[in-house]
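Subject: Structure for your review

Dear colleague,

Please find the structure below, together with its sequence. My notes on the aromatic pairs, the salt bridges and one aspartate follow it.

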Amino acid sequence: MLSHAATAIRRITGSPLVRNAVFLGTAYSVSEVSQQAFIGDGYDLGKVQRFGIWGMCFNGPFLFSWYKVLDGYLHGSSLKVVGTKMCLDQFLITPICIVGFYTAMSVMEGKSDILAEAKQKSFPTFLASLAFWVPAQAINFKLVPPTMRVVYIGTVSFMWANILCHLKRQEHIPMETDKDVHSIEAENPAL
């Protein structure tokens, strides 16, 4: 399904930036629709629109530019180059994208404290991102040609966006440290 969307987008525009932005916007919107269908509570088109705006206006152009810079400085697919690209992607860009995601969504939702959700969910989302994106990026940087990189990322982003949609719905993302804190509090009520 996403490959058909990519073909249609390629026909609509010759600009790689626009094509990739539209592709990611579509992937994020479809991910939110799939989450809403899975939950079965009806459809909230406002949420679908916000995810689409995130993908098309922010994440798509940002990642397009990032990969262009990354590929411009780091050439090849040796283990050292792939490892460097993965580290830069995961530890430099991913935190920016995650905080940006929660903050942008809070702004679009009209929340009064636009950083509250980012503060609460960014670290658990980052841990989930490591588990998901490290293998995906290893494939990306080792096997995917640069001209197909954002399309590959868009396709994989559909899966990641479903994870983000799920995490966004959570009031609180439990972490292993939460269990430890609660057990300590239960054992020591004075704390």
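Trp 54 is buried, with a relative accessibility of 6%. Please bear in mind that this is a predicted model, and that the remarks below apply to the model as computed. The ring of Trp 54 pairs with that of Phe 58 in a stacked arrangement, with 5.8 Å between the centres and 25° between the planes. Both residues belong to helix H3, and because they are four residues apart there, about one helical turn separates them. Phe 58, for its part, is partly exposed, at 42% relative accessible area.

This pair belongs to a wider group: ring pairs join Trp 54 and Phe 58 with Phe 51, Phe 101 and Tyr 102 in a cluster. In total, the structure contains eight aromatic pairs.

A further aromatic pair is formed by Trp 133 and Trp 160. Their ring centres are 6.3 Å apart and their planes meet at 65°, so the pair is classed as edge-to-face; the angle qualifies because edge-to-face applies to planes over 60 degrees apart. Trp 133 is located in helix H5 (residues 116–143) and Trp 160 in helix H6 (residues 149–169), so this contact ties together parts of the sequence that are 27 residues apart. Both tryptophans are buried: Trp 133 has a relative accessibility of 9%, and Trp 160 one of 5%.

I turn next to charged residues. Side chains of opposite charge can pair when their charged atoms come close. The structure holds seven salt bridges. One of them joins the side chains of Glu 32 and Arg 169, with an N to O distance of 2.5 Å. Glu 32 is in helix H2 (residues 16–39) and Arg 169 is in helix H6, so the bridge ties together parts that are 137 residues apart in sequence. Glu 32 counts as buried, at 0% relative accessibility. Arg 169, by contrast, is partly exposed, at 25%.

Lys 168 takes part in two of the salt bridges that I wish to describe. With Glu 109, the closest N and O atoms are 2.9 Å apart. Glu 109 lies in helix H4 (residues 79–109) while Lys 168 lies in helix H6, so parts that are 59 residues apart in sequence are tied together by this pair. With Glu 117, Lys 168 has its closest N and O atoms at 2.7 Å. Here the partner sits in helix H5, so the pair ties together parts that are 51 residues apart in sequence.

As for accessibility, Lys 168 is buried at 12%, and Glu 117 is likewise buried at 9%. Glu 109 is partly exposed, at 28%; a residue must be under 20% to count as buried, so Glu 109 does not qualify. These three residues are part of a salt-bridge network that also includes Lys 111 and Lys 121.

Finally, I draw your attention to Asp 71. Asp 71 is placed in helix H3 (residues 45–73) and, at 15% relative accessibility, counts as buried. Leaving aside residues up to four places away in sequence, Asp 71 touches Lys 85, Pro 146 and Arg 149.

Yours sincerely,

A colleague

How values were computed:
Residues are numbered from 1 along each chain as its sequence is written. This is a predicted model: local features need pLDDT of at least 70, side-chain atom pairs count only at pLDDT 80 or more; totals for chains, interfaces and linings use all residues. Side-chain values use heavy atoms; hydrogens and water are left out. Helices (H or I, at least four residues) and strands (E, at least two) are DSSP runs, numbered from the N terminus. Buried means under 20% relative accessible area, exposed over 50%, partly exposed in between (1.4 Å probe, protein chains only). Contact means heavy atoms within 4.5 Å. Rings of Phe, Tyr and Trp (its six-membered ring) pair if their centres lie within 6.5 Å; planes under 30 degrees apart count as stacked, over 60 as edge-to-face and the rest as tilted. A salt bridge is a side-chain nitrogen of Lys or Arg within 4 Å of a carboxyl oxygen of Asp or Glu.
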